[in-house]
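Got your viewer open? Load the model and get ready to click through it one selection at a time.

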Amino acid sequence: MATQHATKTRQFPTRIDLPAEKRERLCEMLNSHLADTFDLMSQTKQAHWNVKGKDFYQLHLLFDEIAEELEDFIDLIAERCTSLGGYATGTVRMAAEGSSLPEYPVDAVNGMDHIEALVERFSLYAARIRQAIDDADKLDDRTTADLFTEISRDVDKRLWFLEAHIQDAE
Ligand SMILES: [Fe+2]
């Protein structure tokens, strides 16, 4: 939608020392990761609320801890976009429209169903975040590359936390 695109690339005047055309591309990129992160955070909450089975309590707590971490990333990404003079597209509806992740499976019930659904989504998310480090670097913004590096390190660790539940069965 044209108006949506115009909003996404909206720029405000700033004295930050990065050229406007690069800032615009950085903000578009940041907004796409904002959408993914918001989507993944809500999907992790979905797992937190709906998980059942003998591992209920430890998974219920783990999923909440991960969702809280993703909430911090949402703020970091959105505020990097606005620091670059851009407009953060951060509502739930904007995230739903912009996310590259598949929707959460409604038939997930027991702990391992939720672990598998989250492992699939976290691996997709982690790969895109790793790509974002290079993308930001190519746009000469090492500060944004550093932000994505920080997120990447934590997300890889969370992927391990999730995968450790199924690695002994492989
Ligand atoms: Fe809760």
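What follows is a tour of a few spots, each with something to select and something to look for.

**Before you start**

You are looking at a predicted model, in which local features need pLDDT of at least 70 and side-chain atom pairs count only at pLDDT 80 or more, while totals for chains, interfaces and linings use all residues. Residues are numbered from 1 along each chain as its sequence is written, and side-chain values use heavy atoms, with hydrogens and water left out.

**Stop 1: helix α3**

Select residues 56–83, which form helix α3. Helices here are DSSP runs (H or I, at least four residues), numbered from the N terminus. From its first C-alpha to its last, α3 reaches 41 Å with its 28 residues, close to the 40 Å expected at 1.5 Å a residue; the expected span is 1.5 Å times one less than the number of residues. After α3, click on G85, whose phi is positive, near 85 degrees.

Now go back to F56, found in α3. Is F56 buried, partly exposed or exposed? F56 is partly exposed, because its relative accessible area is 31%. The cut-offs are under 20% relative accessible area for buried and over 50% for exposed, with partly exposed in between (1.4 Å probe, protein chains only). Add Y57, which is exposed at 52%.

Add L61 too: F56, Y57 and L61 make a nonpolar surface patch of about 300 Å². Patches are made of residues with over 30% relative accessible area and no salt bridge, where nonpolar side chains (Val, Leu, Ile, Met, Phe, Trp, Tyr) are joined within 5 Å and like charges within 9 Å. The areas come from the Shrake-Rupley method with a 1.4 Å probe, and for residues only the protein chains shown count as cover.

**Stop 2: the aromatic pairs**

How many aromatic pairs does a search of the whole structure find? It finds two. One joins F56 and Y57: their ring centres are 6.3 Å apart and their planes are at 40 degrees, so this pair is tilted. Next, select W160 and F161, whose ring centres are 5.1 Å apart with planes at 90 degrees, so that pair is edge-to-face. Rings of Phe, Tyr and Trp (its six-membered ring) pair if their centres lie within 6.5 Å; planes under 30 degrees apart count as stacked, over 60 as edge-to-face, and the rest as tilted.

Stay on F161, which is partly exposed at 26% relative accessibility. Show R158 as well: R158 lies over the face of F161, at 4.9 Å from the ring centre. For a charge to sit over a ring, NZ of Lys or CZ of Arg must be within 6 Å of the ring centre and within 35 degrees of the ring normal. R158 also belongs to a network of salt bridges with E65 and E69. A salt bridge here is a side-chain nitrogen of Lys or Arg within 4 Å of a carboxyl oxygen of Asp or Glu.

**Stop 3: the loop between α5 and α6**

Helix α5 covers 111–138 and α6 covers 142–163, with D140 in the loop between them. Most residues other than glycine have a negative phi. D140 is not a glycine, yet has a positive phi of about 60 degrees. D140 is partly exposed, with a relative accessible area of 47%.

Which residue does D140 meet in a salt bridge? The partner is K22, at 2.5 Å, N to O. K22 lies in helix α2 (residues 20–50), so the pair ties together parts that are 118 residues apart in sequence. K22 is partly exposed, at 24%.

Move to D141, whose side chain meets R80 in a salt bridge (3.2 Å, N to O). R80 is in helix α3 and D141 in the loop between α5 and α6, 61 residues apart. Both R80 and D141 are buried. L139 shares this loop and is buried, with a relative accessible area of 7%.

**Last stop: one more salt bridge**

The structure holds nine salt bridges. To finish, select K54 and D55, which form one of them, with the closest N and O atoms 3.7 Å apart. K54 is exposed at 80%, whereas D55 is partly exposed at 27%.

Methods
Helices (H or I, at least four residues) and strands (E, at least two) are DSSP runs, numbered from the N terminus.
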